[in-house]
Amino acid sequence: MENYLSALPKEEAATLQLSALYESFGYKKYRNTRFEEYSFYHDYQGFLAGEGVITFNSADGKLMALKPDMTLSILKNVEIHPDSLSRIYYNENVYRFQQSTREYKEIHQCGLEMIGPMDAFAVGEIVLLALQSLAAVDEDYVLTLSHADLVASVLLTLPVEPRVREQMAVCLQKKNLHDLQQLAEQAGLSGAQSRALEVLSDTADPLQEAAERLAPLKEPLFGPNTEAGARFLQALEEVRTLHEMFKDTEYRDHLVLDTSILNPVDYYSGIVMQGYVRAVPHMVLAGGRYDRLAEKLRKNVGAMGFAVYLDRLRAYYKTQKPYDVDTLLLYGTDTPVTELMEKRAALQKEGRSLRTEKHVPKGLRARRQLRYTNGQWEECHV
Amino acid sequence: MFSIALPTGRLAKDIVPLLAGTPYELPADPGKTRKLILEVPERGLRYILVKPSDVGVYVARGVCDVGIIGKDVLAEEDCDVFELLDLKTGACTLCVAAPADYEEDTGRALRVATKYTRLTREFYQSIHRETEIIKLHGSIEVAPLLALSDVIVDLVQTGTTLRENNLEVIREILPSSARLIANKASYRFKQKEIRAITDVLREKTEQGL
């Protein structure tokens with residue numbers, strides 16, 4: 001298997017590895033039609049992070065959409081059992097209109113969803129699979145995570161207009177402390193409130209270290225017995241639980257808590273994640289827990305998942321191989337068919353790629369050439 | 001190698017003294033050298049000198065780990081990067097300017113000449129004013145003088161060019177200065193290096209260069 005994988009372009013190899021990984025954890029493959037009625041996606045535009053849906057009219061006049069996302073589709077269509085977890089994975093293309101570049105995009109995603117009565121162990125399983133997915137792509141990887149309520153509870157407790165709160169959220173996403181301080185000053189925030197924003201704008205550390213940095217914000221910011229304070233503490237507790245799960249594993253140094261990850265709290269409700277590999281200058285994995293989206297779809301269950309953006313790997317991993325095939329077998333009209341068949345079988349058994357031809361094809365790069373001459377295979381110059 | 005994207009042109013003059021005397025001091029004056037890539041192997045640094053409007057692209061696409069860019073360009077290009085520090089240099093303001101005797105005709109769409117089409121559209125949408133935006137690449141000040149547009153949206157530093165063309169600022173849209181930006185993926189893998197350059201430049205900025 002490893003031989004074949006190394007011969008494939010990264011995107012294809014990763015697709016096979018991820019599918020095998022998810023199957024090994026008992027996830028079932030989900031395949032869906034490419035089209036859905038547009039009205040379904042229209043109601044959940046916020047979940048698609050502002051990216052446009054590509055629409056067209058069906059033969060009977062309905063406004064249809066090319067599927068822009070798998071999570072919504074799975075959550076809507078799969079049968080959910082209230083007492084057990086549904087584990088689903090997919091390997092599909094989704095289609096979006098990118099507002100920034102004004103281009104239609106076909107995005108290749110491989111990902112998974114877990115839907116049902118979620119608990120801490122289930123969340124840990126998803127985080128583990130996200131880590132193993134990144135490790136399958138590249139040995140040098142980082143999974144950054146946060147909790148949807150961590151920053152949201154702080155922002156909601158600040159005495160500012162919703163417009164200013166949104167501006168502050170954008171600053172936090174960009175780690176933009178200077179504009180954040182200016183907004184805090186204009187809004188007349190207290191020292192504790194400004195200090196909290198300062199810490200949130202700069203937290204990107206190992207889980208335990210980050211939790212220790214954030215915990216002291218609770219009392220001066222929220223005071224005792226407030227709902228927002230309880231949400232903040234609960235979010236930190238979930239982060240600490242993940243630290244406990246992974247602190248003695250090989251994944252410990254690949255996990256970072258980064259408070260610039262702000263998924264919309266209308267949909268996300270728990271741990272949120274973004275994954276990176278060193279060779280790719282863009283995020284390659286995104287996901288999180290989205291119980292609130294499930295609730296909007298009138299499915300009162302827990303749900304969590306992630307997608308790996310496989311199309312983003314194409315440009316950054318060289319697929320250029322020194323040879324097209326390992327061996328070129330050159331035969332003539334006098335070569336016995338059985339000799340040819342036997343030689344081919346023997347080379348294939350050794351795991352070598354090969355082509356059989358009468359003449360050297362133009363442009364073909366073979367590591368070596370074997371020609372059938374005088375009743376035997378002889379190496380000849382390439 | 002740690003790669004830094006720097007803008008050529010006006011902003012470069014402000015950046016040279018900012019980096020001088022720090023571990024990130026440039027090996028040559030970007031205003032004088034014709035080289036577009038400057039390397040300092042002993043410090044593990046590489047500088048890429050590009051058009052100011054391209055700095056964000058080089059950083060967002062990971063060719064450079066960090067870069068220095070004007071806030072005006074950063075906002076116009078809407079680059080997906082971390083904006084780590086206000087370098088408080090190269091200060092100017094994105095403004096609406098018009099001929100000195102200008103009176104707005106509110107009964108029709110306002111014709112606005114600019115190279116900042118995105119910021120202009122967002123600004124006029126925020127005040128619910130219908131506009132016809134005319135994209136220009138330079139010498140924006142000429143547009144209202146030749147009746148190509150009613151007003152312009154452009155960057156104003158001292159106001160001299162406006163005054164010499166009989167124009168005046170009628171509204172300010174966005175204060176701008178140079179910003180240190182970082183690629184989001186680089187931030188995960190070169191966090192130590194990125195925090196180091198941020199700290200050095202913050203200290204330099206707080207000293208007032």
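Here are four short exercises, each with a worked solution, on a predicted model.

**Exercise 1. The helix α2(A)**

Work out whether the length of helix α2 of chain A agrees with its residue count, and find which residues of α2(A) are buried and which are exposed.

Solution. Start with the length. Helix α2 of chain A covers residues 10-24, which makes 15 residues. The rise is 1.5 Å a residue, and the expected span is 1.5 Å times one less than the number of residues, so α2(A) should span 21 Å. The C-alpha atoms at its ends are 21 Å apart, which agrees.

Next, look for burial, which requires 20 or more other C-beta atoms within 10 Å of a residue's own. In α2(A), the buried residues are A13(A), A14(A), L18(A) and Y22(A). Viewed down the axis of α2(A), these buried residues fall within an arc of 155°, so they line one face of the helix. A helpful rule here: an α-helix has 3.6 residues a turn, so residues three or four places apart point the same way. Turn to the other side of α2(A), and you find A20(A), E23(A) and S24(A) exposed.

Finally, step past the end: just after α2(A), G26(A) has a positive phi of about 85°.

**Exercise 2. The sheet of chain A**

Write down the strand order of the nine-stranded open sheet in chain A, and say which strands stand at its edges.

Solution. The order is β1-β5-β6-β12-β11-β10-β7-β9-β8, with mixed pairing. At the edges stand β1 (28-29) and β8 (204-205) of chain A; each has a single partner strand, so one side of each is left without a neighbour in the sheet.

Now pick one pair. Strand β7 (residues 141-147) and strand β9 (residues 255-258) of chain A run parallel and are joined by three bridges. Across this pair, L145(A) has L257(A) in β9(A) as its bridge partner.

**Exercise 3. Helices on the sheet**

Find which strands helices α6 and α12 of chain A meet.

Solution. Helix α6 (residues 148-157) of chain A lies across β7, β10 and β11 of chain A, at about 45° to β7(A). Helix α12 (residues 227-246) of chain A packs on the sheet and touches β7, β9 and β10 of chain A. The direction of α12(A) makes about 150° with that of β7(A).

**Exercise 4. Domains**

List the assigned domains of chain B and give the distance between their C-alpha centres.

Solution. The domain assignment gives domain 1 (2-90 + 177-206) and domain 2 (92-174) for chain B. Their C-alpha centres lie 30 Å apart. The contact takes five residues from domain 1 of chain B and seven residues from domain 2 of chain B.

Definitions and conventions: Residues numbered from 1 in each chain as written. Chains lettered and ligands numbered in written order. Predicted model: local features only at pLDDT ≥ 70, side-chain atom pairs only at ≥ 80, totals over all residues. Helix = DSSP H or I, 4+ residues; strand = E, 2+ residues; numbered from the N terminus. Buried ≥ 20, exposed ≤ 12 C-beta atoms within 10 Å, placed from the backbone. Arc of directions from axis to C-beta. Pairing = 2+ DSSP bridges. Contact = placed C-beta atoms within 7 Å. Axes fitted to C-alpha atoms, helices over the stretch in contact; angles between N-to-C directions. Domains from an automatic or database assignment.
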